[in-house]
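The exercises below ask the reader to work through side-chain contacts and surface exposure, one step at a time. Please look over the sequence and the 3D view before starting.

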Amino acid sequence: MPEMPAGRVAVVLRLDRAAFDQICAAAYREYPLEMCGLIAGEEGADHAAAFYPCHNAAESAKMYTIDPKDHLRAERDAD
């Protein structure tokens, strides 16, 4: 684990294997465009179990813009 300044703690976000696999599949599906999506987990936890693929509204290979409808859908489901 990397050295941290006094009083600081390194935090590592863990990701479920299923979510990781979904992210990889979405990246392959969207290539050569940038893939985008959101991850979610329990509030305050270091673990993300859900992946929400989102449409890249920018439709670009160099940048991404999460479609607002997809963002709202993911946020509501995660709540």
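Throughout, a residue is called buried under 20% relative accessible area, exposed over 50%, and partly exposed in between, with a 1.4 Å probe and protein chains only. The model is predicted, and local features need pLDDT of at least 70, side-chain atom pairs count only at pLDDT 80 or more, while totals for chains, interfaces and linings use all residues. Residues are numbered from 1 along each chain as its sequence is written, and side-chain values use heavy atoms, with hydrogens and water left out.

**Exercise 1. Find which residues make the nonpolar surface patch, and place I39.**

Step 1. Patches are made of residues with over 30% relative accessible area and no salt bridge, where like charges are joined within 9 Å and nonpolar side chains (Val, Leu, Ile, Met, Phe, Trp, Tyr) within 5 Å. The areas come from the Shrake-Rupley method with a 1.4 Å probe, and for residues only the protein chains shown count as cover.

Step 2. L13, L15, F20 and I39 together make a nonpolar patch of about 340 Å².

Step 3. I39 belongs to strand β2, and because its relative accessibility is 40%, I39 counts as partly exposed. Strands (E, at least two residues) and helices (H or I, at least four) are DSSP runs, numbered from the N terminus.

**Exercise 2. Count the salt bridges and describe each pair.**

Step 1. A salt bridge is a side-chain nitrogen of Lys or Arg within 4 Å of a carboxyl oxygen of Asp or Glu, and by this rule there are 3 salt bridges.

Step 2. One of them joins D46 and R14, with 3.3 Å from N to O. This pair links distant parts of the chain, since D46 sits in the loop between β2 and β3 and R14 in strand β1 (residues 14–15), 32 residues apart. D46 is partly exposed at 36% relative accessibility, and R14 is partly exposed at 46%.

Step 3. R17 and D21 also meet in a salt bridge, at 3.0 Å from N to O. Because R17 and D21 are 4 residues apart in helix α1 (residues 17–30), about one helical turn separates them. R17 is exposed, at 59% relative accessible area, whereas D21 is partly exposed, at 38%.

Step 4. The pair D70 and R73 has its closest N and O atoms 3.7 Å apart, and both residues lie in helix α2 (residues 68–78), 3 residues apart, or about one turn of the helix. D70 counts as buried because its relative accessibility is 16%, while R73 is partly exposed at 39%.

**Exercise 3. Explain why the sulfur of C36 has no bond to the closest cysteine sulfur.**

Step 1. A disulfide is a covalent bond between the sulfur atoms of two cysteines. The rule used here asks for a pair of cysteine sulfur atoms within 2.5 Å.

Step 2. The cysteine sulfur closest to that of C36 is in C54, and because it is 5.5 Å away, it is too far for a bond. A search of the whole structure accordingly gives 0 disulfides.

Step 3. Both cysteines are given a class from their accessibility: C36 is buried at 5%, and C54 is buried at 8%.

**Exercise 4. Locate E42 and decide whether it is buried or exposed.**

Step 1. E42 is found in the loop between β2 (36–40) and β3 (47–48).

Step 2. Because E42 has a relative accessible area of 65%, E42 is exposed.

Step 3. E42 and D79 are 37 residues apart in sequence, and their C-alpha atoms are 9.2 Å apart in space.
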